[in-house]
Amino acid sequence: MIDKKDVVRALQTPYRKPLELAFEYVSLTRRERACIEAVYIDGLTEEAAAEEMGVSRDYVAKHKKHALQKLAQAWDGLEIFKIITDYE
């Protein structure tokens, strides 16, 4: 079973193409994806992401949490997830 820690590890992979393919399996809102990309792909803290987006840190945390839950559910058992995490 994939959990949030597994998803975070996958989001931090330097290999963008498999990650973009994996995102196609998940229906994230625009806000959720923006928060995930800012924190895990761009490497910003929640505070820095919030400032850049013009929202509160709580807003970023809430949308990041929802996105991680969706990603974990959607990626569970998908071969693409295994490919992403095996790159390391």
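Begin by selecting helix α1, residues 4-11, together with helix α5: the two pack at an angle of about 95°, with their axes 9 Å apart. That angle makes α1 roughly perpendicular to α5. The model on the screen is a predicted one. A pair of numbers is given here because two packed helices are described by the angle between their axes and the distance between the axes.

Next, display the side chains where these two helices touch. On the α1 side, select K4, V7, V8, A10 and L11; their partners in α5 are K65, L68, Q69, L71, A72 and W75. What is the division of these residues into nonpolar, polar and charged? In the contact of α1 with α5 there are 8 nonpolar residues, 1 polar residue and 2 charged residues.

**The end of helix α5**

Remain with this contact and select W75. Helix α5 covers residues 57-75, and W75 is placed within it. Is W75 buried or exposed? Its relative accessibility is 0%, so W75 counts as buried. Now add V7 to the selection and draw a line between the two C-alpha atoms. W75 and V7 are 68 residues apart along the chain, yet their C-alpha atoms are separated by 8.4 Å.

**Further along helix α5**

Move next to H63, which also lies in helix α5. With a relative accessibility of 10%, H63 counts as buried, because buried means under 20%. To see what surrounds H63, select R31, E32 and C35, with which H63 is in contact once its neighbours within four places in sequence are left aside.

Then select K64, another residue of helix α5. K64 has a relative accessible area of 14% and is therefore buried. Which residues does K64 contact, leaving aside its neighbours within four places in sequence? They are C35, I36, V39, Y40 and E46. Look in particular at E46: the side chain of K64 makes a polar contact with the side chain of E46, at 2.6 Å.

**Helices α3 and α4**

E46 leads to the next stop. Select helix α3, residues 30-41, and helix α4, residues 46-53; their axes come within 9 Å and cross at roughly 130°. This crossing angle makes α3 oblique to α4. The crossing of α3 and α4 is right-handed. To view the contact itself, show A34, C35, A38 and V39 in α3, then E46, A49 and M53 in α4. The residues of this contact of α3 with α4 comprise 6 nonpolar, no polar and 1 charged.

Between these two helices, select D42, which lies in the loop joining α3 and α4. Is D42 buried or exposed? At 51% relative accessibility, D42 counts as exposed, because the exposed class begins over 50%. Add Q12 to the selection as well. D42 and Q12 are 30 residues apart in sequence, and the distance between them in space is 9.4 Å, C-alpha to C-alpha.

**The whole chain**

Finally, clear the selections and view the entire chain. How many helices and strands does the chain have? There are 6 helices and 0 strands. Read from the N terminus on, the elements run α-α-α-α-α-α. The chain has 88 residues, of which 39% count as buried. Among contacts between residues at least 6 apart in sequence, 72% join residues at least 24 apart.

Definitions and conventions:
Residues are numbered from 1 along each chain as its sequence is written. This is a predicted model: local features need pLDDT of at least 70, side-chain atom pairs count only at pLDDT 80 or more; totals for chains, interfaces and linings use all residues. Side-chain values use heavy atoms; hydrogens and water are left out. Helices (H or I, at least four residues) and strands (E, at least two) are DSSP runs, numbered from the N terminus. Buried means under 20% relative accessible area, exposed over 50%, partly exposed in between (1.4 Å probe, protein chains only). Axes are lines fitted to C-alpha atoms, for helices over the stretch in contact, and angles run from 0 to 180 degrees between N-to-C directions. Angles under 35 degrees count as roughly parallel, over 145 as roughly antiparallel, 65 to 115 as roughly perpendicular and the rest as oblique. A crossing is left-handed if the near helix is turned anticlockwise from the far one by less than a right angle, and right-handed if clockwise. Contact means heavy atoms within 4.5 Å. Ala, Val, Leu, Ile, Met, Phe, Trp, Tyr, Cys and Pro count as nonpolar, Asp, Glu, Lys and Arg as charged, and the others, Gly among them, as polar. A polar contact is a pair of N or O atoms within 3.5 Å; within protein, one must be able to donate a hydrogen and the other to accept it, and residues adjacent in sequence count only if both atoms are side-chain atoms.
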